[in-house]
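The following exercises are to be worked with the sequence and the model at hand. Each task is followed by a solution in steps.

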Amino acid sequence: MRAAGELTAAALAETRRLLAPGATPLELDAAAERVIRDGGGIPNFQLVPGYRHTLCVSVDDDVVHGIPGDRPFRAGDIVSVDGGAELDGWNGDSAFTVVLPDVARPDVVASREELSRVTEQALWVGIAALARASHLNDVGAEIEDFVRGEGAYGILTDYVGHGIGRSMHEEPPVFNYRVDRRGPAVKPGLVVAIEPMIVAGSIDTFTRDDDWTVTTSDGADAAHWEHSVAVHAGGIWVLTAPDGGAAGLAPFGIRPAPIG
Ligand code: MG
Ligand code: MG
């Protein structure tokens, strides 16, 4: 799955490079598709029944599953980009959030950047938990403890992470919060997409009229970060991070182990 993860990372890196005021989600979508197809892959979001795009692009109060459109990004937007590639029958899935600069609204930008920082750090807390966990649901418990300590944030419960492999979405679910079951044992061969979705208000959401875009009911901002992570005999490896997760895991004293 390393190659599928690397191709996913390359596609998202290209969208991140292009993400600026005036650019459009559809332009990012086209660029991501180009990277994936040039790399011999298939945009796996296009394999989801009814979905025609390579990315989901979710702005401001849209949390996830935003359909790329032609409305240009604006200064101050908080933008989450989610994408994945299937390569040689294996899948990658990853997401990131950025806040576009806005000199006119420094307070809005600061609070949105803090939301994204907490969400990204929640992802790394979850990945570090996976490296040490005996059972998968330890991941959600540690994410919840971390987020609760950061302030008045909500952890979405309508959507969770998932196993990933021959299909993008597989069992088991990966919760971003504490549940009353331990979940499956963490052992070599387990590959999961960990993806905290954090909001600056209520966790109530609704789906817009486009039948895809998930939006906060109270209009609060949302952020979303995701990596696909493999547990193997030597340790863990973050498949959709170019460095295998070395930088993100260093503060936890964990060194990712290359596969094979
Ligand atoms: Mg995703
Ligand atoms: Mg996912």
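**Exercise 1.** Determine how many bridges join strand β2 to β4, and describe the surroundings of β4.

*Solution.* Step 1: β2 (residues 55-59) and β4 run antiparallel and are joined by 5 bridges; strands here are DSSP runs of E with at least two residues, helices are runs of H or I with at least four, and both are numbered from the N terminus. Two strands count as paired if DSSP finds at least two bridges between them. Within this pairing, V57 stands opposite V81 in β4.

Step 2: β4 is also joined to β7, by 6 bridges and again in the antiparallel sense. I78 has V99 as its bridge partner in β7.

Step 3: Of the 6 residues of β4, 6 are buried, where buried means under 20% relative accessible area, exposed over 50%, and partly exposed in between (1.4 Å probe, protein chains only). I78, S80 and D82 cover one side, and V79, V81 and G83 the other; all are buried.

The model is predicted: local features need pLDDT of at least 70 and side-chain atom pairs count only at pLDDT 80 or more, whereas totals for chains, interfaces and linings use all residues. Residues are numbered from 1 along each chain as its sequence is written, chains are lettered from A and ligands numbered from 1 in the order in which they are written, and side-chain values use heavy atoms, with hydrogens and water left out.

**Exercise 2.** Which protein donors does the magnesium ion (ligand 1) have?

*Solution.* Step 1: Donors are N, O and S atoms within 2.8 Å of the metal (3.2 Å for Na, K and Ca); water is not among the atoms, so sites may look incomplete. By this criterion the ion has D82 (OD), D82 (OD), D93 (OD) and E226 (OE), at 2.1 to 2.6 Å.

Step 2: Along the chain, these donors follow the spacing D-x10-D-x132-E. D82 belongs to strand β4 (residues 78-83), while D93 lies in the loop between β6 (90-91) and β7 (94-99), 11 residues apart.

Step 3: D93 bridges ligand 1 and a second magnesium ion (ligand 2), the two ions lying 3.1 Å apart. D82 is buried because its relative accessibility is 8%, and D93 is buried at 2%.

**Exercise 3.** In what order do the strands of the open sheet containing β16 lie, and how does α3 lie across it?

*Solution.* Step 1: The order of the 5 strands is β10-β9-β11-β16-β17, with antiparallel pairing. β10 (170-174) and β17 (235-238) are the edge strands, each pairing on one side only.

Step 2: β11 (residues 191-194) pairs with β16 over 4 bridges, and I194 has H227 as its partner in β16.

Step 3: α3 lies across β11, β16 and β17, at about 10° to β16. Axes are lines fitted to C-alpha atoms, for helices over the stretch in contact, and angles run from 0 to 180 degrees between N-to-C directions; contact means heavy atoms within 4.5 Å.

Step 4: α3 also packs against helix α4 (residues 138-148) at about 145°, with axes 8 Å apart. Residues of α3 including V118 and L130 meet residues of α4, among them V139 and V147.
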